[in-house]
Amino acid sequence: MTEQTAAKFNHPYKVDDYVVYRRSGVCRIVDIRRENFSSLGEKEYYVMKALCDERSKFYVPADLDVVEHCIRRVLSPDEVKTAIARAESLDDRWDDDSDTRTANFGRILAGGSSAEALWVLKALSLYKKKLKGENKKFYDSDSKLLNEAERIVTEEFSFVLGIKREDVIPYILSCIDGNNAAGNMIF
């Protein structure tokens with residue numbers, strides 16, 4: 001679809017825009033087109049490819065309610081710094097019950113907020129460190145969430161900042177005020 005056609009349909013995003021799609025991370029919109037998938041009828045779809053796997057392809061309805069809840073634009077470098085600062089001030093949503101924590105953290109990660117994903121990353125990293133010091137096992141469910149939170153944060157931040165993924169955590173730590181400190185934000 002051309003940019004002119006995309007504008008005609010009032011799509012908030014256009015071909016070649018980079019967006020964050022739910023838990024799939026940073027994606028590039030490669031097309032906007034009408035498709036008829038089974039009983040859904042013909043609809044407009046964003047066709048997206050994940051940055052981390054160009055072979056992947058997502059067809060996401062371009063309906064406004066879907067777009068508002070599932071897709072967001074990537075952050076700017078200034079917004080990355082704001083997300084880091086905001087993650088430090090978010091309310092503690094820790095739950096000692098593993099099943100409840102898994103469900104809650106899964107919802108947080110699906111919500112698409114980088115600051116909240118960073119908070120999950122921080123909370124689980126601190127918990128893992130605490131358990132290690134007590135010679136206790138880190139739950140597999142927590143490990144999966146920790147890995148997902150790290151992937152979400154490092155993928156978007158590295159893309160936006162133009163740095164390597166392995167440099168994202170040191171960058172985050174360098175942005176945290178010394179008073180609030182690296183003692184609280186440990187990965």
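Q: What does "buried" mean for a residue?
A: A residue is buried when its relative accessible area is under 20%, and exposed when that value is over 50%. Keep in mind that the model above is predicted. In this chain of 187 residues, 41% are buried.

Q: Which residues are buried in H7?
A: Look for Val-168, Ile-169, Tyr-171 and Ile-172, which are the buried residues of H7. They sit on the same side of H7, because their arc around the axis is only 160 degrees.

Q: What do the buried residues of H7 pack against?
A: Follow that side of the helix to its partners: the buried residues of H7 pack against H3, H5 and H6.

Q: How many helices and strands does the chain have?
A: There are seven helices and five strands. To see their order, walk along the chain from the N terminus, where the pattern reads α-β-β-β-β-α-β-α-α-α-α-α.

Q: How do I read the pairing of strands, for example how many bridges join E1 to E2?
A: For a pair of strands, note the direction, then the number of bridges. E1 (residues 18-21) and E2 are antiparallel and joined by four bridges. You can pick out Val-20, which has Val-26 of E2 opposite. The two strands form a hairpin with three residues in between, and Arg-22 in that turn has a positive phi of about 40 degrees.

Q: Which strand do nine bridges join to E2?
A: That partner is E3 (residues 42-50), which runs antiparallel to E2 (residues 25-36). Two places help you line them up: Arg-28 has Lys-49 of E3 as its bridge partner, while Asp-31 stands opposite Val-47 in E3. This hairpin has five residues between its strands, and Ser-38 takes a positive phi near 45 degrees.

Q: How do E3 and E4 pair?
A: They pair in the antiparallel sense over five bridges, with E4 covering residues 53-61. Their hairpin passes through two residues, and Ala-50 faces Asp-53 of E4.

Q: Now the interior. Which residues touch the most other members of the largest nonpolar core?
A: When reading a core, start with its best-connected members. In this core of 35 residues, they are Ile-84, Phe-105, Val-120, Val-153, Phe-157 and Ile-172. H3 (77-89), H4, H5 (114-133), H6 (140-161) and H7 (168-175) each supply at least two residues of this core. The largest share, ten residues, comes from H5. Another core lies apart from this one; its 14 residues include Ile-29, Tyr-46, Ala-50 and Ile-71.

Q: Which residues is Phe-105 in contact with?
A: For a single residue, it helps to set aside neighbours within four places in sequence. Phe-105 then contacts Arg-93, Trp-94, Trp-119, Val-120, Ala-123, Leu-124 and Leu-145.

Q: Is Ser-98 buried or exposed?
A: Compare its relative accessibility with the cut-off of 20%. Ser-98 has 15%, so it counts as buried. You will find Ser-98 in H4 (residues 98-111).

Q: What does Ser-98 touch, not counting residues up to four places away in sequence?
A: Ser-98 touches Tyr-139 and Ser-141. With Ser-141 there is a polar contact between the two side chains, at 3.5 Å.

Q: How much accessible surface does the chain have?
A: The total is about 10,400 Å², and 48% of that belongs to carbon and sulfur atoms.

Methods
Residues numbered from 1 in each chain as written. Predicted model: local features only at pLDDT ≥ 70, side-chain atom pairs only at ≥ 80, totals over all residues. Heavy atoms only, no water. Pairing = 2+ DSSP bridges. Buried < 20%, exposed > 50% of the residue type's maximum accessible area, 1.4 Å probe, protein only. Polar contact = N/O pair within 3.5 Å; in protein donor to acceptor, adjacent residues only side chain to side chain. Contact = heavy atoms within 4.5 Å. Areas by Shrake-Rupley, 256 points an atom, 1.4 Å probe, with all protein chains shown as cover. Core = buried A, V, L, I, M, F, W, Y, C linked by side-chain atoms within 4.5 Å. Arc of directions from axis to C-beta.
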